[in-house]
Amino acid sequence: MADPARAAKLAQRIKVVVAEALGRRVKDPRLEGVTVTDARVTNDLQHATVYYTVFGDETAQADAAKGLEKAKGVLRQEVGRNITVRLTPTLEFVADQIPVVASNLEELLREAKKRDAEVAALAATAKHAGEADPYKSDAPEDVDIDEDDFDEEELDLAGDDDIDEDANKDADSTK
C-alpha cells in the first residue's frame with residue numbers, strides 16, 4: 001500500500017495528463033466543453049476517479065459523459081505513458097457537483113440577505129411594547145443608593161432559627 005502523499009501527487013499528475021489528453025489526443029466534439037476539476041487515487045494506486053464539469057445544459061452533460069466513457073481507453077493509455085507506476089490505474093469519470101452546490105448556496109445566501117434587509121427595515125420602524133427601559137427604578141435619579149443605607153437589624157431573619165440572637169437573650173434572662 002502506498003502512502004497518501006504519493007497517492008495525492010499521482011492524482012494531481014493524472015488530472016493534468018487527462019486534461020491535456022482531452023485537448024490534444026481526443027477528437028470528440030462532445031468533449032470540447034469538459035473541464036477536469038479534480039482527481040483522486042486510492043491508496044493502493046489501482047483506481048483513479050476523475051471529476052469534471054461541462055459547460056452547457058443537461059444534454060451537453062449527458063453527451064460529455066458518453067464521450068468520456070468512449071475515450072476512457074485512450075485516456076488510460078495516455079496516463080500509463082506519462083506516469084511512473086508499475087500498474088496504470090483504472091479511470092472512472094464523475095460529474096463534479098461543486099458548481100451546482102455552489103450556485104444553490106449562493107441562492108440561499110441571496111435569500112438570507114433579502115430577509116435580513118426586511119427584518120432591518122421592520123426594526124427601524126419598530127417601537128417597544130412597553131417602557132423603553134423596563135428596568136428603571138422608582139428612586140429619583142439624583143439619589144444614590146448605597147449598601148450602607150440598609151441596617152442589618154431591619155432584615156427579616158425569622159426563617160433562620162440558629163441566627164435569632166434576641167430569642168437567646170430572652171431565654172438566658174429568664175433563668
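## Ground rules and overall layout

A residue counts as partly exposed when its relative accessible area falls between the buried limit, under 20%, and the exposed limit, over 50%. Glu69, with a relative accessible area of 44%, is therefore partly exposed. Keep in mind that this is a predicted model.

The protein chain has five helices and three strands, and reading from the N terminus the order is α-β-β-α-α-β-α-α. Of its 175 residues, 21% count as buried. The chain exposes about 13800 Å², with carbon and sulfur atoms supplying 51% of that area. As for how far apart in sequence the contacting residues sit, take the contacts between residues at least 6 apart: 62% of them join residues at least 24 apart.

## The three strands

Start with β2 (residues 47-54), since β2 pairs with β1 and with β3. On one side, β1 (residues 34-41) runs antiparallel to β2, with seven bridges joining the two. Val41 sits opposite Ala48 of β2 in this pairing. The two strands make a hairpin with five residues between them, and in the turn Leu45 has a positive phi of about 65 degrees.

The pairing of β2 with β3 (residues 90-95) goes the other way: these strands are parallel, joined by six bridges. Here His47 stands opposite Thr90 of β3. As for cover, six of the eight residues in β2 are buried.

## What fills the core

In soluble globular proteins, nonpolar side chains tend to be buried together. In this model the largest nonpolar core has 27 residues, and those touching the most other members are Ile14, Val18, Leu22, Leu31, Leu75, Leu91 and Phe93. Two or more core residues come from each of α1 (4-24), β1, β2, α2 (58-70), α3 (72-82) and β3. Helix α1 gives the largest share, eight residues.

Ile14 is a handy place to look around. Leaving out neighbours within four places in sequence, Ile14 is in contact with Val41, Ala48, Val50, Val79, Pro89 and Leu91. Two of those partners have already come up as a facing pair: Val41 and Ala48 stand opposite each other where β1 meets β2.

## Salt bridges

How many salt bridges does a search of the whole structure find? The count is eight. One of them links the side chains of Arg40 and Asp38, at 3.2 Å from N to O. Another joins Lys72 to Glu69, with the closest N and O atoms 3.2 Å apart. Lys72 has 24% relative accessibility, so Lys72 is partly exposed, and Glu69 is partly exposed too, at 44%. There's also a network of salt bridges that links Arg25, Glu78 and Arg81.

## Along helix α4

Glu107 and Arg110 form a salt bridge whose closest N and O atoms are 3.0 Å apart. Why are these two about one helical turn from each other? Because they are three residues apart in helix α4. Glu107 is partly exposed, at 42% relative accessibility, and Arg110 is partly exposed at 49%.

Helix α4 (residues 98-125) also holds Leu105. Together with Leu108 and Leu109, Leu105 makes a nonpolar surface patch of about 320 Å². Leu105 has a relative accessibility of 49%, so Leu105 counts as partly exposed.

How values were computed
Residues numbered from 1 in each chain as written. Predicted model: local features only at pLDDT ≥ 70, side-chain atom pairs only at ≥ 80, totals over all residues. Heavy atoms only, no water. Buried < 20%, exposed > 50% of the residue type's maximum accessible area, 1.4 Å probe, protein only. Helix = DSSP H or I, 4+ residues; strand = E, 2+ residues; numbered from the N terminus. Pairing = 2+ DSSP bridges. Patch = residues over 30% accessible without salt bridge, like charges linked within 9 Å, V, L, I, M, F, W, Y side chains within 5 Å. Areas by Shrake-Rupley, 256 points an atom, 1.4 Å probe, with all protein chains shown as cover. Salt bridge = Lys/Arg side-chain N within 4 Å of Asp/Glu carboxyl O. Contact = heavy atoms within 4.5 Å. Core = buried A, V, L, I, M, F, W, Y, C linked by side-chain atoms within 4.5 Å.
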